[in-house]
Amino acid sequence: MLIHSNGQVLNYPPAVKNWSINHMSINSSALPFHLTDLSYLSLNSTLADLPTHEFEINPHTPGHIVATTFEDKPTLPGVIIREGDTVSGAFSRRKFLEYMGRPYGVEVFLKRPIQVMLDKINQPYLMLSSDCPIHDAAEMALRRPLDLFYEPIVITYPDHKVRLLDIYILLLAQSQLLTISYQLEQKRRHFAEALQKTGQVLTSSLNLAEVPQRILTQVTQVIYYERGSVWLRKENYLELIAQRGFPKDKRVNNLQIMIHTEQDDVFRRMMDNHQPIVIGDVVKETSWQQVDWLPLHHAWMGVPMIAQNQVIGMISLTREAPHSFNYHDAMWVLAFAGQAAIALENARLYNHIMDFNDHLEHMVTERTSELNQMYGILEKLNQTKSDFITVSAHELRTPLTIINGYAQVLTTNPTIQADENIAAMIDGILNGTNRLYQIVNSLLDVAKIESNSLGVRPEPIVIANLIEPICDKLADDLQNRQLTLAATNLNQLPELYGDVDLLIKVFYGLIINAIKYTPDGGKINVTGHVTDAQAVEVVVSDTGIGIDTAHHDLIFEKFYQTGELALHSSGQTKFKGGGPGLGLAIAKGIVEAHGGQIWVESSGYNEQTCPGSRFHVSLPLAN
Ligand code: ADP
């Protein structure tokens with residue numbers, strides 16, 4: 001069976017009649033290398049690159065020449081039988097001697113009719129074309145049965161030439177290629193390791209001023225170069241950002257390379273094709289932009305740094321000797337440049353973020369200082385307002401006391417009392433001054449709370465005893481508005497410490513509010529319990545108009561009201577009567593001065609459905 005190098009199985013050659021030997025030559029000695037020296041081979045080598053032999057016989061070849069020559073050439077692996085242009089058989093030197101030389105000797109045999117021997121001499125041989133890769137050829141040769149191991153390998157050339165290949169040479173070549181592959185593999189592994197290490201080194205820094213220089217140091221792990229530089233791509237030029245091996249010259253810092261629009265421009269090609277470029281000798285490159293003060297290095301390699309499919313820059317390496325970089329070198333550096341681009345991009349992004357952070361921090365500092373200034377101004381204004389409240393409250397109190405005093409006197413005057421109309425007017429004056437008193441007192445309370453001078457005088461108190469007098473006092477008002485006020489569970493509450501007068505103010509205010517914001521006929525309830533947190537919690541609830549959840553915190557601020565201003569001060573217990581907006585602020589100040597808390601619960605404000613409000617006052621129990 002014959003196997004062609006393209007895998008095609010060939011038939012045995014046809015029988016040849018009238019054989020003689022007409023030509024022979026062994027031209028291996030004429031080859032420009034030693035048989036054993038196959039170091040010139042590369043992974044792409046084919047059978048055409050191997051030393052071969054020619055030894056052909058045909059029906060007209062004289063026998064005696066065959067024998068002499070064959071014996072003189074010990075390396076000749078066998079013979080090819082040809083008839084005209086057709087190879088009709090091939091057999092090994094061993095077979096030749098076996099079948100032809102013995103017992104008659106070659107000369108004798110060749111004078112016999114060759115026909116007799118054909119079935120013996122047409123041993124299966126391997127016919128491969130000269131472009132067959134060496135490794136494939138060796139694989140096919142080795143796949144043959146053991147007894148055919150020495151049978152010739154016939155190589156056919158495109159020009160119809162045929163030559164013999166020694167199996168040893170083929171195996172030697174294969175072994176040489178395996179060595180090359182192994183070395184290449186080693187080199188690749190070394191490179192992969194180097195790449196991993198350099199990757200680590202590169203990405204360990206986010207310092208934009210440092211990364212480009214590191215790239216140049218790390219590229220030495222991959223390839224030797226004499227001058228190296230890293231360039232960053234700007235619009236239509238490249239800017240030098242790091243160099244190694246350049247002469248000490250100030251001009252280095254300003255180096256730029258223009259990227260021309262012409263298609264043959266080296267840098268334009270690199271930017272467009274994203275591929276490395278190797279120039280054997282820059283002197284011969286027409287578009288080369290040689291910097292005149294730089295010592296001339298002939299060999300140049302430029303490798304693009306690609307990030308997110310964009311060429312962001314270039315690594316440029318040079319060697320003085322022409323043609324000292326090859327394309328493989330460039331491919332190694334390209335893999336490295338990928339890492340370099342990532343490191344550079346990371347550093348750039350980091351730099352950008354840091355700049356942005358600085359900017360933000362600067363803005364925050366600016367705003368904070370502005371806010372602090374505003375806050376200072378507001379604090380001053382607030383202080384001025386508080387001072388004004390305190391001063392005016394004090395100032396109002398004196399004339400009020402006088403008015404009130406005189407009005408009191410007038411109520412005891414029989415002449416005035418005799419006149420019903422005047423007596424009613426005096427009553428009106430007294431009511432008005434009392435209301436004013438309350439307001440002035442509230443203002444003074446607020447001022448005291450703000451200046452932390454409330455002066456809490458604690459004594460043992462029983463909550464029920466505080467609430468009862470309030471209920472009594474408001475009995476008429478409740479009746480007028482057909483409201484019911486119930487106090488539940490208060491008697492079971494334990495005694496606690498607090499300022500009686502101040503706490504009465506708190507609960508009085510809450511109950512007054514409940515009256516004010518509950519429509520006629522509604523219900524008010526005051527209840528209490530002891531909480532897990534060792535406190536007494538008193539809850540004043542009503543069936544009133546409720547409070548919008550957005551206002552739950554704000555109502556405890558001084559002067560804050562949610563109702564209509566026009567209704568304010570129109571009567572303390574009138575529905576939605578309003579007030580100066582101080583009640584809850586004072587209550588909060590007093591409760592907190594007792595170490596307690598005050599808050600409200602209400603599902604919202606609605607005058608139709610009246611969801612009601614629940615004010616909680618929590619006061620700590622005495623230890
Ligand atoms: P005012 O003097 O206006 O009553 P407060 O500080 O006592 O001031 O109350 C502040 C605001 O809280 C009131 O204007 C009112 O809108 C709301 N409010 C207080 N208590 C109740 C309540 N029980 N039901 C509904 N709204 C209330």
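Helices and sheets of a predicted model

Asp166 caps the N-terminal end of helix α6, with a side-chain oxygen lying 2.9 Å from the backbone nitrogen of Tyr168. The model in which this contact appears is predicted. Helix α6 itself covers residues 167-203. Its 37 residues should span 54 Å at 1.5 Å a residue, and its end C-alpha atoms are 52 Å apart, which agrees.

Helix α6 also meets a helix that precedes it in the numbering, α5, made of residues 134-142. Two packed helices are described by the angle between their axes and the distance between the axes. For α5 and α6, the axes come within 9 Å and cross at roughly 130°. The two helices are therefore oblique to each other, since an angle would have to be over 145 degrees to count as roughly antiparallel. The crossing of α5 and α6 is left-handed.

The next stop is a sheet from this part of the chain. It is an open sheet of three strands, arranged in the order β7-β8-β9, and its pairing is mixed. At its edges are β7 (126-129) and β9 (162-165), each of which pairs on one side only. Neighbouring strands of the sheet are turned by 30° against each other on average, with direction ignored. Strand β8 consists of residues 153-156; it runs parallel to β7, and four bridges join the two. As an example of this pairing, Leu126 has Ile153 in β8 as its bridge partner.

Further along the chain comes helix α9, residues 327-412. At its start, a side-chain oxygen of Asn326 reaches to within 3.0 Å of the backbone nitrogen of His328. How far apart are the end C-alpha atoms of α9? They are 121 Å apart, which agrees with the 128 Å that its 86 residues should span at 1.5 Å a residue.

Helix α9 has a contact with helix α11, which is formed by residues 420-450. Their axes come within 9 Å and cross at roughly 155°. That angle makes α9 roughly antiparallel to α11, because angles over 145 degrees are counted in that way. The crossing of α9 and α11 is left-handed. Sorted by class, the residues in the contact of α9 with α11 are 16 nonpolar, 10 polar and two charged.

The last element on this route is another open sheet, this one with five strands. The order of its strands is β17-β19-β20-β22-β21, and the pairing is mixed. Which strands lie at the edges of this sheet? They are β17 (484-488) and β21 (597-601), and each pairs on one side only. From one strand to the next, the twist averages 15°. Edge strand β21 pairs with β22, residues 614-620, in the antiparallel sense over five bridges. Within this pairing, Glu601 has Arg614 in β22 as its bridge partner.

Technical notes
Residues numbered from 1 in each chain as written. Predicted model: local features only at pLDDT ≥ 70, side-chain atom pairs only at ≥ 80, totals over all residues. Heavy atoms only, no water. Pairing = 2+ DSSP bridges. Axes fitted to C-alpha atoms, helices over the stretch in contact; angles between N-to-C directions. Expected span 1.5 Å × (residues − 1). Polar contact = N/O pair within 3.5 Å; in protein donor to acceptor, adjacent residues only side chain to side chain. Parallel < 35°, antiparallel > 145°, perpendicular 65-115°, else oblique. Left-handed = near helix turned anticlockwise from the far one by under 90°. Nonpolar A, V, L, I, M, F, W, Y, C, P; charged D, E, K, R; others polar.
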